[in-house]
Amino acid sequence: MGIGSPENAPNLPAEVYISSVSALYRDRRSLFSGTASAIAASLVTGWISGIVWLAMCAFPLALTGVLRWMDMNAYERSVTTSQTVAQARSWERRYIVGSSTFAVLLSLWCFLAFALSSDPAVHLVSFAVCLAYMIGITGRNYSSDQLVTFTTACAAIPMIMGLLLHLETAYVFLAMVLVPFFLSVRTIATRLRFTLFDAVVASHDLRALATHFDTAVNNMPHGLCMFDGDQRLVVFNDRFTSLLNLDARATWKGQEVGSLLETALEANGVPLQATDAVFSAFRKWTVAAGSAALVVDAAGHRILQLTFQPIKAGGFVLLIEDITEKRKAEARIEHLARYDALTGLPNRSHFQEQFETVIARGRPCALLFIDLDQFKVVNDTLGHPCGDALLCQVADRLRKVMKSSDIIARLGGDEFVVLRELKGPADEASLVAQRIVRTLSEVFTVDDHQFVIGASIGIALAPRDGTSFEQMLKCADLALYSAKADGRGVWRFFEPEMDARVQARRALEIDIRNALDNGNFEVFFQPIVNLRSGKSTVCEALARWRHPKRGLISPDEFIPVAEETNLIIELGDFILQEACRQCMTWPDDVHVAVNISPVQFRRGNVIASVLAALDRSGLPAHRLEVEITESLLLENTSAIRTTLEKLRGLGVRVSLDDFGTGYASLSYLHHFPLDKVKIDRSFLQDVEVSSRSRRLLAGVANLSSELGMSVVVEGVETHRQLALLLEQPGVDEVQGFLFSPPIPAAEIGRFLAAGSFDFEKVA
């Protein structure tokens, strides 16, 4: 059991235990004086009694003393500030061994004095010296329970035995008294040890608590200060001086709150007039007992928030927080909530607030809904960073051409709105729209790329078209839709008929969805006849909608709506699968042609759709022809080129449908992987009467043929047209009502079985 053993002392912190062990080795004077006294007493008893053995006891006592002295020196040399508990316990045991050895030798000398001599003086000297030494050792080393126990036992047993050698009453009495005496000495040492260690541990805990408190307070993100009942500073942390720009080396304790506040304001460069305002606010705040936080923004560059907490015994505590960044963040959040992060223009919600403010004045105004015409092409081809830069330039141009009183906002994507109060007739809104279209039609330059995008605008007038934000926005949107339908780059005012058209379009969209779910779509086929053999070599699949109330609806009516709503993807997959399935029932030398919408190429997965249709039907890939339109080639993206090449890699043939109706040039015939060109019916309009039309038709047909593509002419309706086409060596196939209109799938089988067309009867 050592100093810190729970059986004999409180559980000591490591540093207290190590310090207690160090105290055993600290005072050499008591060791020297005690050893010298014992040696002298041994020599005196030997001289008085003439007994050599008593004098010789001085030698082991001296040797033990020297060894203990050397052990103390060794402790001083080896012990450092990083001493561990295990090392301290080892040194404690060494001290106990040395002290106990000296006690044993001293008590043996006392025993020999009683055993070898009958001289009372010898007895008195040995007994007194031994008893005094034991009491001194116990008093000095009370902190070590093991040391007190061993030295007491080593002293008591030989002394009692020596006294009992003399059966005289006085000696026996002393022997009996020594037992409770030594027990009392040990008990006193134990109580003293507990009392002292309780105080030491409490003092250590108090110092540790104070250190922890000081560390916690000085590492707070807030400044903390405490004032007494006289409003003088008694406690503060480092953050307090830092926040108030006070000299941390100066003595601020004892400063009166008013003087301290004045010094802080001066240190932060607060003007005199602002200082008075802060003092006034602070006085009112303290009188009100700090019912709410006080925000001080007098310095212009730092915002501090003070929290007041009165103390029952008098005085108060102030918490000071720097909320500058917090306020900036709140301002940023507020700005982001009201403004577009990209362009810096008001967003939809903020624009609505401003709109309602303007409308509340009761003045007429115009809401212009702006949509960029070719923005999606820029965004898709050059990437979103380029698109974002373009939107910022659009916002800048709008700011420049509009008046400062106009309200400009970005609703999202490439949609912008402008609100203008009208001071004259509605024509003013038309002039504004004209100015916007003109400035947005000029060339834009982004990252060395130049392009023209243009814009379309829909205009709604208040109060004519409405006064609520949603109603005005809806009307302007309908007008914008009409402007885009009229060719883009134009502006249109809202008209009531526009809403009716949109409602009809929405009803049609719902009908298309229901038709897809209910299986109301059918696939018709129109034969394509080979000019050499007269046989139908290909049948083109055409969608037809058999409406339960309206009957058969033309594709010209529902296909555009299906493309705008992406329903064309589902409809296109149905047509493709049904066409392949029907083709499997035809002769092996007859192919099927299916038109694939540009929307399917951009937003669907054409390759997966084709593979699924071929797999389900079992149709060989070479019997399927995929027809594309010129508008798809205009995009000229690598993704579309890759898709066409993959289709050809599967064995599927690729045809260019309605050539000559769009913007495609003859160069597309060379750059894209095409197997067939279908020349639009418009080439046949004047072919019977105009030699120029015939030459144009012949030129396109011959060029396509020379490039390795077969040529189909659409829209053949008369025998004269057919006769002229038979004279053209570049034309391979023909299609039109002269041979057959589109017919249901149930009838196409009979048509193919009827045989070939007899060209000899052509007049």
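Where is the place of aspartate 447 in this chain? The place of aspartate 447 is in the loop between β9 (residues 444–446) and β10 (residues 449–451), and this briefing returns to that loop further down. The structure is a predicted model, in which the chain holds 28 helices and 22 strands. Of the 763 residues in the chain, 47% are buried. Among the contacts between residues at least 6 apart in sequence, 64% join residues that are at least 24 apart.

**The loop between β9 and β10**

- Most residues other than glycine have a negative phi, and most peptide bonds are trans.
- Aspartate 447, however, has a phi near 50°, which is a positive value in a residue other than glycine.
- Aspartate 447 counts as exposed, because its relative accessibility is 59% and the cut-off for an exposed residue is over 50%.
- Aspartate 448 is found in the loop between β9 and β10, and it has a positive phi of about 70° although it is not a glycine.
- With a relative accessible area of 78%, aspartate 448 is exposed.

**A cis peptide bond after β11**

- The peptide bond that runs from alanine 462 to proline 463 is cis, with an omega near 10°.
- Proline 463 lies in the loop between β11 and α17, where β11 covers residues 455–462 and α17 covers residues 469–485.

**Two buried residues in helices**

- Alanine 476 has its place in helix α17, and with a relative accessible area of 0% this alanine is buried.
- Leaving aside residues up to four places away in sequence, alanine 476 touches Leu367, Phe369, Gly458, Ile459 and Ala460.
- One of these partners, glycine 458, is 18 residues from alanine 476 in sequence, while the two C-alpha atoms are 4.8 Å apart in space.
- Serine 42 lies in helix α2 (residues 28–49), and its relative accessible area of 0% makes it a buried residue.
- Not counting residues up to four places away in sequence, serine 42 touches Leu54, Ala55, Cys57, Ala58 and Trp109.

**Helix α13 and what covers it**

- Helix α13 (residues 348–360) has 13 residues, so at 1.5 Å a residue it should span 18 Å, and this agrees with its end C-alpha atoms, which are 18 Å apart.
- The residues His350, Phe351, Phe355, Val358 and Ile359 are buried in α13.
- The elements that cover these buried residues include helices α12 (324–338) and α17, together with strands β6 (365–372), β7 (407–412), β8 (415–421) and β11.
- Glycine 362, which follows α13, has a positive phi near 80°.

**Helix α22 and its two sides**

- For the 12 residues of helix α22 (residues 606–617), a rise of 1.5 Å a residue predicts a span of 16 Å, which agrees with the 17 Å between its end C-alpha atoms.
- The buried residues of α22 are Val606, Ile607, Ser609, Val610, Ala613, Leu614 and Ser617. Because they cover an arc of only 165° around the axis, they lie on the same side of α22.
- The face of α22 that is turned away from its buried side carries the exposed residues Asp615 and Arg616.
- The cover over the buried residues of α22 includes α20 (567–583), α21 (598–603), β17 (624–628) and α24 (638–650).
- Glycine 618 follows α22, and its phi is positive, near 80°.

**Pairs of packed helices**

- Two packed helices are described by the angle between their axes and the distance between the axes.
- The axes of helix α4 (residues 58–78) and helix α5 (residues 85–116) come within 10 Å and cross at roughly 165°, which makes α4 roughly antiparallel to α5.
- The crossing of α4 and α5 is left-handed, and the residues in contact include Pro60, Leu61, Thr64 and Gly65 of α4 as well as Trp91, Arg94, Tyr95 and Gly98 of α5.
- The axes of helix α18 (residues 496–518) and α20 come within 11 Å and cross at roughly 35°, and α18 passes α20 in a left-handed crossing.
- The contact is made by Glu509, Ile512, Arg513 and Leu516 of α18 together with Leu567, Glu570 and Leu571 of α20.

Key: Residues are numbered from 1 along each chain as its sequence is written. This is a predicted model: local features need pLDDT of at least 70, side-chain atom pairs count only at pLDDT 80 or more; totals for chains, interfaces and linings use all residues. Side-chain values use heavy atoms; hydrogens and water are left out. Helices (H or I, at least four residues) and strands (E, at least two) are DSSP runs, numbered from the N terminus. The expected span of a helix is 1.5 Å times one less than its number of residues. Buried means under 20% relative accessible area, exposed over 50%, partly exposed in between (1.4 Å probe, protein chains only). The arc is that of the directions from the helix axis to the C-beta atoms. Contact means heavy atoms within 4.5 Å. Axes are lines fitted to C-alpha atoms, for helices over the stretch in contact, and angles run from 0 to 180 degrees between N-to-C directions. Angles under 35 degrees count as roughly parallel, over 145 as roughly antiparallel, 65 to 115 as roughly perpendicular and the rest as oblique. A crossing is left-handed if the near helix is turned anticlockwise from the far one by less than a right angle, and right-handed if clockwise.
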